[in-house]
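Please look over the sequence and the structure below before reading on. The text then walks through a few parts of the fold.

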Amino acid sequence: SEEDTMHNSVLLDTSFFLRFLDDESTLNKNADNYFRYFLQNEIAMVVSTICIAEYCVRGDINELPLKNLKILPFNLDHSKKTGEFARIAFQHRGSLKLNERNIIPNDTKLFAQADCEQSVDFYLSSDSESLKIYNLLKQHTKPKFQFIDLNTPCNEAFGLIDFG
């Protein structure tokens with residue numbers, strides 16, 4: 001099956017799509033380079049139904065490159081893991097120093113999906129608040145996926161030579 005041959009995949013969050021689809025964004029080039037890298041290296045790009053819902057608040061589902069994405073529904077295993085992650089985040093929220101927002105449960109839901117899904121090795125986001133939550137979780141659990149910050153160019157993140 002397709003699942004067996006999948007080396008690895010990346011869960012892309014809403015912030016990735018907002019940058020990827022906005023030519024004016026300072027992170028558009030980074031997002032585009034990651035997208036190409038994943039396609040060229042056969043790293044499956046996964047989008048959660050949670051991200052699709054977030055995107056559709058302001059955007060249209062048809063703007064998303066769905067033909068290149070594997071859609072991941074939120075399921076019971078994800079729910080259980082979310083509870084575990086959210087508990088840690090809430091217990092330690094004082095140390096997080098989050099700007100302008102409380103802990104958004106969607107962060108822990110998406111992290112839970114990345115952690116539960118066997119094929120997901122990477123989580124790509126430009127959300128620095130989300131990174132704070134990931135780093136907190138790393139102190140208390142062992143998430144099996146790696147957080148990639150969209151602010152880091154693809155060639156740096158994957159140790160590539162930049163021929164551009």
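What follows covers two helices, a loop residue and the nonpolar core.

The model is predicted. A good place to start is helix α3, which covers residues 28–40 and contains 13 residues. From its first C-alpha to its last, α3 reaches 18 Å, close to the 18 Å expected at 1.5 Å a residue.

Which residues of α3 are buried? They are Asn28, Asn30, Ala31, Tyr34, Phe35, Tyr37 and Phe38. An α-helix has 3.6 residues a turn, so residues three or four places apart point the same way. The buried residues of α3 pack against the strands β1 (9–12), β2 (44–48), β4 (120–125) and β5 (146–149), and also against the helices α2 (14–20) and α9 (154–157).

The nonpolar core brings several of these names back. The largest such core has 45 residues, and the members touching the most others are Leu12, Phe16, Tyr34, Phe38, Phe111 and Leu124. Helix α3 supplies the largest share of this core, with five residues. Phe16 shows how the contacts run: leaving aside residues up to four places away in sequence, Phe16 touches Ala31, Tyr34, Phe35, Leu124 and Leu150.

Just after α3 comes Glu42, in the loop between α3 and β2. Its phi is near 55°, a positive value in a residue other than glycine. Most residues other than glycine have a negative phi, and most peptide bonds are trans. Is Glu42 buried or exposed? Glu42 counts as exposed because its relative accessibility is 61%, and the cut-off for exposed is over 50%.

Next is helix α4, residues 49–58. Ser48 caps the N-terminal end of α4, with a side-chain oxygen 3.0 Å from the backbone nitrogen of Ile50. Ile50 is itself one of the buried residues of α4, together with Cys51, Ile52 and Tyr55. These buried residues pack against β1, α2, β2, β3 (69–72) and α7 (105–116). Both β1 and α2 are also among the elements that the buried residues of α3 pack against.

The contact of α4 with α7 can be followed further. Two packed helices are described by the angle between their axes and the distance between the axes. For α4 and α7 the angle is about 145°, and the axes are 10 Å apart. On the α4 side, Ile50, Cys51 and Glu54 take part, and they meet Asn106, Lys109, Leu110 and Gln113 in α7. By class, this contact has three nonpolar, two polar and two charged residues.

Conventions:
Residues are numbered from 1 along each chain as its sequence is written. This is a predicted model: local features need pLDDT of at least 70, side-chain atom pairs count only at pLDDT 80 or more; totals for chains, interfaces and linings use all residues. Side-chain values use heavy atoms; hydrogens and water are left out. Helices (H or I, at least four residues) and strands (E, at least two) are DSSP runs, numbered from the N terminus. The expected span of a helix is 1.5 Å times one less than its number of residues. Buried means under 20% relative accessible area, exposed over 50%, partly exposed in between (1.4 Å probe, protein chains only). Contact means heavy atoms within 4.5 Å. A polar contact is a pair of N or O atoms within 3.5 Å; within protein, one must be able to donate a hydrogen and the other to accept it, and residues adjacent in sequence count only if both atoms are side-chain atoms. A nonpolar core is a set of buried Ala, Val, Leu, Ile, Met, Phe, Trp, Tyr and Cys residues joined through side-chain atoms within 4.5 Å. Axes are lines fitted to C-alpha atoms, for helices over the stretch in contact, and angles run from 0 to 180 degrees between N-to-C directions. Ala, Val, Leu, Ile, Met, Phe, Trp, Tyr, Cys and Pro count as nonpolar, Asp, Glu, Lys and Arg as charged, and the others, Gly among them, as polar.
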